[in-house]
Amino acid sequence: KETEEVFKVKKSSYSKKIVKQLKKEYKEDLEKSKVRTEVNSPTDVEPPLEKTGQIKDIGQEDGTANSEHGEEEMEVESEKEEEKPKAGGAFSSALSSLNVLRPGEIPDAAFIHAARKKRQMARELGDFTPVDSEPGKSRLVREDENDASDDEDDDEKRRIVFAVKEKSQRQKIAEEIGIEGSDDEALVAGEQDEELSRWEQEQIRKGINIPQACIYQPAEVNNLYYQNTYQTLSYGSSYGIPYTYAAYGSSETKSQKTDNTVPFKTPSNEMTPVTIDLVKKQLKDRLDSMKELHKANRQQYEKHQQSREDSTKAIERLEGSSGGIGEQYKFLQEMRGYVQDLLECFSEKVPLINELESAMHQLYKQRASRLVQRRQDDIKDESSEFSSHSNKALMAPNLESFGRDRVIYQEQVKRRTAEREARRARRRQAREQTGKMADHLEGLSSDDEETSTDITNFNMERDRILKESSKVFEDVLESFYSIDCIKSQFEAWRSKYFASYKDAYIGLCLPKLFNPLIRLQLLIWTPLEGKCRDFETMLWFESLLFYGCEEQEQVKDDADISLLPTIVERVVLPKLTVISENIWDPFSTTQTSRMVAIVQKLVDGYPSVVNAENKNTQMLLKALLLRMRRTLDDDVFMPLYPKNILENKNSGPYLFFQRQFWSSVKLLGNFLQWYGILSNKTLQELSIDGLLNRYILMAFQNSEYGEESIKKAQSVIACFPKQWFANLKGDKTISQLENFCRYLVHLADTIYRNSIGCSDVEKRNAREHIKQIIKLLASIRALDHAVTVANDHNVKELKILIEGK
């Protein structure tokens, strides 16, 4: 009954099988404790040592500590008896006297040695229980917790009181022995107490892991022997377990513990009654919280999925773009190296090209200058020969008094005269063969025939320059001098990466890049020659004709569209400027016609050439004007002879005069071919003021008045552009032609006066000549002068003559 009262615990704490085991162990421990109590009777035990200051002080701190410590000692002794095997044998009974040690008694060296021998013999006989190294094991959990044979009477609340055996008293005794003892047996006893201490700690850990029932014997004798023990702490206060220790040994607690039971303290946080509604409510709340959590997780999942998809797309996009950027970077690096090599190549070759081009220009310039100088010498020679006012000092300046230089000069004049007459004879023979002899007038032909020696030297030098030009790029790869190869490189750049192509302004750089190569191909290009090839049929033009003209839509402000016009502006126009300034002869109708044709072609076909701000065009026009003015000042010469000398039409002075007149008229026509290219003001200044009024009118005044003068006047008027007079208002012509109009009026009056007193045929012819003069005046819009002539000479067909102009 006492056993059942002590083990009052809840069913939920232990299984019934464990409670049975505890009951069994408690009974065995109770029997052993009774035997130990009989042996340790009060008559055989000496009173506790009062001289142990530490034990006494601790006992004085708490009056109940002695009783509590005594109970703990009993529990430890019970546990020791429990751990001993039952089959102790004769050795255990023989050494039972070693267990008789009164509380507070200090063991001597013989007692410690006997205890050590006892433990050693127990180890040898197998009677020693080793310390369990696994604190988590306990005999309370060896049985099955689901045993159905447990009694159903133990539904009452039960409580197990645990007592932790403090090792304070024995440990202190062992320490005192170890300090005070000086023999080896004391040291051995210290080692034995250390092992005992470890075993006690191991047993305490077992008790902490799995609670065990500890029984205290309610004997009053124990209180006498444990009055000075250490104050023990509550197990529950140390480990948070809702169990308390029973306190024994004091008079206050003795009356309360007579039934050997420990009352159970109800926990403060006792659970509320569980109902179905409460369970439903909790389940519903948990379901709602789980739904909200699931919703949040679902949203987070969708967010992560969307982020994953976006990241995947971004990765793919970046991988694709990075691949393109890598290829673009590689291509641009290759183009950079190629362009650098190309520029380095051109930096070495362009000076050679410039030298060859200058040599070729110099060669053509020398030939043109030679022809012009020959013509000027011929004019001087003829003028000196036929001048009635010739002066030897003027003919041969800087002559010595001995006449040696005069002889040389006369020999040169004779040689030039012979060559001149031979050229004229060959030209007459060529005209006779072609049937143009009747319409030809002396002075209209261009004396540009060269000697065989000059032609040979010219061709040799020209071939040398061409040979040198072919060696310029002989040590260079084709990709660095071929226009097609260079073009293909930049076309690939344009087609693949147009943005970077445009940002690099390649369209603006290409004309300058192709400039040396095109100038090398135009080295012998001279449009003044009949066999000259049109530049639009050359290889460089055909190669670059469709550059930048892909099938795709054209980009606004694409510089490649104006590639060819820019090249023509920067290459062809400078070439023409050099030709017009140094090679072109304005006296040559053929060269002038070809020069006008090429310039007019550029003006009509290339808008950049017409641009007033184009410096190359301005340089070309300036060169043309300078060449025309130089010709007007240096090459035009009109001799003045008395009329009696000019009456002989087979004389040398007459022929020379006629040749110079018609050469001036030819030059007037050549000047006026530039109508539409040069401004009207500039042309009128050059042709009318500089040539007609200054030279040609002088020849008219020295000529015979008659039909020949009318033919000459018709030739002069035929050179004038009709657009000059188409938009004139009123009855007056342009101001520069007033002198010429007055000459025509004077010519009509002279013809009329010369016909007075002549036959009717001559009068009729004179009247017809006057009508022709009226037509000439009407053709240049000099209606006021035409009306005057008609009124003066009674010409009634004025309206018909004016309309039939």
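1. In this predicted model, the side chains of Arg205 and Glu202 meet in a salt bridge, with N and O 2.3 Å apart. Both residues lie in helix α8, which spans residues 184–209, and they are three residues apart, so about one helical turn separates them. The two partners differ in their exposure class: Arg205 counts as partly exposed, at 35% relative accessibility, whereas Glu202 counts as buried, at 5%. Glu202 is placed in the buried class because its value falls under the 20% limit.

2. A second salt bridge joins Arg370 and Glu450, whose closest N and O atoms are 3.3 Å apart. This pair links distant parts of the chain, the two residues being 80 residues apart. Arg370 belongs to helix α12 (residues 276–386), while Glu450 sits in the loop between α14 (404–434) and α15 (452–470). Arg370 has a relative accessible area of 32% and is therefore partly exposed.

3. Glu707 and Lys711 form a further salt bridge, in which the closest N and O atoms are 3.9 Å apart. That distance satisfies the criterion because the cut-off for a salt bridge is within 4 Å. The two residues are four residues apart in helix α27 (residues 707–719), so the separation is about one helical turn. Glu707 is partly exposed, at 46% relative accessibility, and Lys711 is likewise partly exposed, at 48%.

4. Salt bridges also occur as a connected group. Asp378, Glu382, Arg420, Glu421, Arg423, Arg424 and Arg659 are linked in a network of such contacts. Across the whole structure, the search finds 27 salt bridges.

5. The remaining point concerns nonpolar side chains at the surface. Val274, Val279 and Leu283 make a nonpolar surface patch of about 280 Å². Leu283 is located in helix α12, the helix that also holds Arg370. With a relative accessibility of 56%, Leu283 counts as exposed, because the exposed class begins over 50%.

6. For a reader new to the structure, one question may help in reviewing these points: which salt bridge links distant parts of the chain? The pair in question is Arg370 and Glu450, with one partner in helix α12 and the other in the loop between α14 and α15. By contrast, Arg205 and Glu202 are both in helix α8, and Glu707 and Lys711 are both in helix α27.

Key. Residues numbered from 1 in each chain as written. Predicted model: local features only at pLDDT ≥ 70, side-chain atom pairs only at ≥ 80, totals over all residues. Heavy atoms only, no water. Buried < 20%, exposed > 50% of the residue type's maximum accessible area, 1.4 Å probe, protein only. Patch = residues over 30% accessible without salt bridge, like charges linked within 9 Å, V, L, I, M, F, W, Y side chains within 5 Å. Areas by Shrake-Rupley, 256 points an atom, 1.4 Å probe, with all protein chains shown as cover.
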